[in-house]
Amino acid sequence: MTRRQLFGGVAEIYDAVRPGYPAVLVSAVLDYAALGDRPALEVGAGTGKATVPFATALTSPLTCVEPDPRMAEVLRRNTAAHPHVRIEVGNFEDRQPTDTRFGLLFAATSWHWIDPARRWNLAHEALAPGGTIALFWNPLGIRDPALHAALTEVDRRHGLTHTPHAVLASAFGDTPGHWPDMLGHWPAVDCATDDRFTDLRSLRFREEAYYGTADYLAYLSSLSMYAALPSDHRAQALADTAAVLDSHGDGVPVEHIHDLFLTRRH
């Protein structure tokens, strides 16, 4: 089983605790795309964290590709009120070409799971000329430096990397070491020398939030690096995290960073 296949086992937790995407991000994508009545395609829709706000804003057809049937089941439930949403269960890489060319392809915290040797070719093939690619993520950072340091030590002991504790978002500003401007880094570098894509843009939105201890532990459980741990190891890592949180007071102040990369097909 690959890492991207782990999410189905925590689909309900994922849906309950993963953050969504702000209306300002959805508006930025749709303003850039100027979609009109052209159809849209979502790659790696998950349980619909981005699907629902986009489906609400769109009147044109939206096709969602989700590889895990358990995630897709939750996605169907969450999009039941949107008859213009169509769900395909399968890998984007295995999707059969059709005559449909999309005006927008978007991926919410999923593009890094797509085969890097094929993803840009597949995107180019799926899009109509002038069609938009919108890729976005919503990592969070721990705002309290002392809590950040203590949680990072728990990660180190358990061999965990790329967790929320790897970032102290509020200390970095707009072009921090861990969260640089995307135009100078992946995924923009993939397009910078590819003349099939043009008009590269990068936007960043920030939101402050607060997680209770139970919700924060559930959030961690929904991440692939935790889901990949043997159950006893995962339980111990979460227990050690809970102990740190209890020693710093109940709850975790965080900052969500919503990073958006935009480009369009020539």
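Student: Is Arg-157 buried, partly exposed or exposed?
Tutor: This is a predicted model, and the class follows from the relative accessible area. Buried means under 20% and exposed means over 50%, with partly exposed in between. Arg-157 has a relative accessible area of 48%, so Arg-157 is partly exposed.

Student: Which residue forms a salt bridge with Arg-157?
Tutor: Side chains of opposite charge can pair when their charged atoms come close. For Arg-157, the closest N and O atoms of the pair are 3.5 Å apart. The partner counts as buried, at 17% relative accessibility. That partner is Asp-240.

Student: How many residues apart in sequence are the parts that Arg-157 and Asp-240 tie together?
Tutor: Arg-157 lies in helix 6, which covers residues 145–158. Asp-240 lies in helix 10, residues 231–247. The pair therefore ties together parts whose separation in sequence is 83 residues.

Student: What is the distance between the closest N and O atoms of Asp-194 and Arg-196?
Tutor: Asp-194 counts as buried, at 16% relative accessibility. Arg-196 is partly exposed, at 22%. The two form a salt bridge, and their closest N and O atoms are separated by 2.9 Å.

Student: Which strand holds the residue that meets Arg-206 in a salt bridge?
Tutor: The side chain of Arg-206 meets that of Glu-255 at 3.1 Å, N to O. Arg-206 is in strand 7 (residues 197–211), and the pair links distant parts of the chain, 49 residues apart. Glu-255 sits in strand 8, residues 252–265.

Student: Is Glu-255 buried or exposed?
Tutor: The cut-off for buried is under 20% relative accessible area. Glu-255 has 9% relative accessibility, so Glu-255 counts as buried.

Student: Which residues are joined into one network by salt bridges that share partners?
Tutor: The structure holds 14 salt bridges. Some share partners, and the residues joined in this way are Glu-12, Asp-15 and Arg-77.

Student: What covers the buried residues of helix 2?
Tutor: Helix 2 spans residues 23–33, and its buried residues include Leu-25, Val-29 and Tyr-32. Just after this helix, Ala-34 takes a positive phi of about 45 degrees. The cover over the buried residues includes helix 3, strand 4, strand 5, strand 7 and strand 8.

Student: Over which residues is the pLDDT below 50?
Tutor: The protein chain averages a pLDDT of 89, and 91% of the residues score at least 70. One stretch has a pLDDT below 50, with 21 contacts in the model beyond near neighbours in sequence. That stretch is residues 169–178.

How values were computed:
Residues are numbered from 1 along each chain as its sequence is written. This is a predicted model: local features need pLDDT of at least 70, side-chain atom pairs count only at pLDDT 80 or more; totals for chains, interfaces and linings use all residues. Side-chain values use heavy atoms; hydrogens and water are left out. A salt bridge is a side-chain nitrogen of Lys or Arg within 4 Å of a carboxyl oxygen of Asp or Glu. Helices (H or I, at least four residues) and strands (E, at least two) are DSSP runs, numbered from the N terminus. Buried means under 20% relative accessible area, exposed over 50%, partly exposed in between (1.4 Å probe, protein chains only). pLDDT is the predictor's confidence in each residue, from 0 to 100. Contact means heavy atoms within 4.5 Å.
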